[in-house]
Amino acid sequence: TLTIHEDINYIGGSPFYGCNKLETVYYNAINCVLELSGIFSYCESFETFVIGDKVTVLPKGLATSSCAKNINIPPSVKVIEDCAFFQCSNLKKVTFRTRIEKIGNNAFYLCAITDIVIPRTVVDINYLAFENCSIDCLSVDKENPIYDSRENCNAIIETSSNRLLIGSNTTTIPPTIEEIRDGAFNCARELESIYIPQSIKKIGKEAFRFCPNLKYITVDPANTVYDSRESCNAIIETSTDKLILGSSTTHIPQTVVSIGEYAFAFRVSLKDITIPNNVNIIERFAFWKCENLTEVTLPSNLKILSQCVFVECINLVNIHLPQGLEIIEGSAILSCDKLKHITIPNTVHTIGTNLCNNSIKHLYIPKSVTFISPRQVGRKLQCIEVSKRNTKYDSRNNCNAIIETDTDTLIAGCAKTV
């Protein structure tokens, strides 16, 4: 047992890091500054965190990465600062008392909390307060003047703007909502289906990024901004024909011309995808961490393979880069550990950083390439060859490297460079 007394105003370093016999902490400091976050990190026996009844502010990073399971927040607490309980993966229940006013950014990131009730006194909730949790029940006290959870929707709504700030695994979007905020469903890891009503006019960036189990998506046919044409299980921005959100069961319509940022990110059930030939842009991180994606058919009209578009697709074994592709941006296929071979089309003129991942052994640079970022080395890369017709780069004397011809500068090598 550890007691931190009222008069403690500074805690330097991580004095309790890895104290495996520590089970209970009584925190009574009224005005304490922490030099570092996570002062109770990796205290494996730590279960109970008791906060004194004179404490008004829980400082930034107070219990970051701790093993605490039970936290009692007394009525005196008004502010929970950023990352106060960041990555407390054993924390399943928190009761907010009636005087709390503010809950900061990532205050409960990656906690095991499933039920949350926001009291009437809360006037400031950061939209990422509960990021990467998996919340089933989410409600707001009916007397709260700033936020509400109308129609038992299992979400937090900003009353004045009709904007949905935070959703859950069981959210039903009310027909009065006009906007879904950036990252709104980042605490809905078990969300399987979503219905977008007619009233929605704006869906923010990464609104459904951490929803790996999302399967079914429907947009009200009367919505004038978005649609899910041809029962495609996706959200398409009607005016631009851009697919902004996909699921593990999405069929991409032929009329789609672009795929937006993070559209399929974290869809762990997605195994293969065919992208229609009308698509000419796939934006960055579009298929980030689709861990079971094995095969991708890219469209013939694709001009740019964007930054990190297939990053961490660890089971991707086959990807065909089409003729007509012009730019491969940085880390486009980084950490695709089972992808052993790629053929760069002779239409590509620009190659960004980290093209080679951990499994590619042979890299051939065609004559069309006029710019290569120097950071290309993969751990298993053994052979680098530049077309003899390339006027910008060469691999003279079978050196297994990329050399900038005009300056005689070696910009990328491999394990067998000589």
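Which residue in S17 does Arg163 stand opposite? In this predicted model, Arg163 stands opposite Glu179 in S17, and the same arginine, Arg163, is also the bridge partner of Glu158 in the pairing that involves S16.

The two pairings of S16 run in opposite senses, in that strand S15, comprising residues 156–158, is joined to strand S16, comprising residues 163–166, by three bridges in an antiparallel arrangement, while S16 and S17 run parallel and are joined by two bridges. The hairpin formed by S15 and S16 has four residues between its strands, and within this hairpin Asn162 adopts a positive phi near 55°.

The connection between S16 and S17 is a loop that contains Thr172. Thr172 counts as exposed because its relative accessibility is 55%, which lies above the cut-off of 50% that defines this class. Between the C-alpha atoms of Thr172 and Leu110 the distance in space is 23 Å, and these two residues are separated by 62 residues in sequence.

Beyond strand S17, which spans residues 179–180, a further loop leads to strand S18, residues 193–196, and Glu192 is located in this loop. With a relative accessibility of 41%, Glu192 counts as partly exposed, since the value falls between the limits of 20% and 50% that bound this class. Glu192 also belongs to a patch of negative charge on the surface, in which it gathers with Asp115, Asp136 and Glu190.

How values were computed. Residues are numbered from 1 along each chain as its sequence is written. This is a predicted model: local features need pLDDT of at least 70, side-chain atom pairs count only at pLDDT 80 or more; totals for chains, interfaces and linings use all residues. Side-chain values use heavy atoms; hydrogens and water are left out. Patches are made of residues with over 30% relative accessible area and no salt bridge: like charges are joined within 9 Å, nonpolar side chains (Val, Leu, Ile, Met, Phe, Trp, Tyr) within 5 Å. Accessible areas come from the Shrake-Rupley method with a 1.4 Å probe; for residues, only the protein chains shown count as cover. A salt bridge is a side-chain nitrogen of Lys or Arg within 4 Å of a carboxyl oxygen of Asp or Glu. Lys and Arg count as positive and Asp and Glu as negative; His and the chain ends are not counted. The place of a charge is taken as NZ of Lys, CZ of Arg, CG of Asp or CD of Glu. Buried means under 20% relative accessible area, exposed over 50%, partly exposed in between (1.4 Å probe, protein chains only). Two strands pair if DSSP finds at least two bridges between them.
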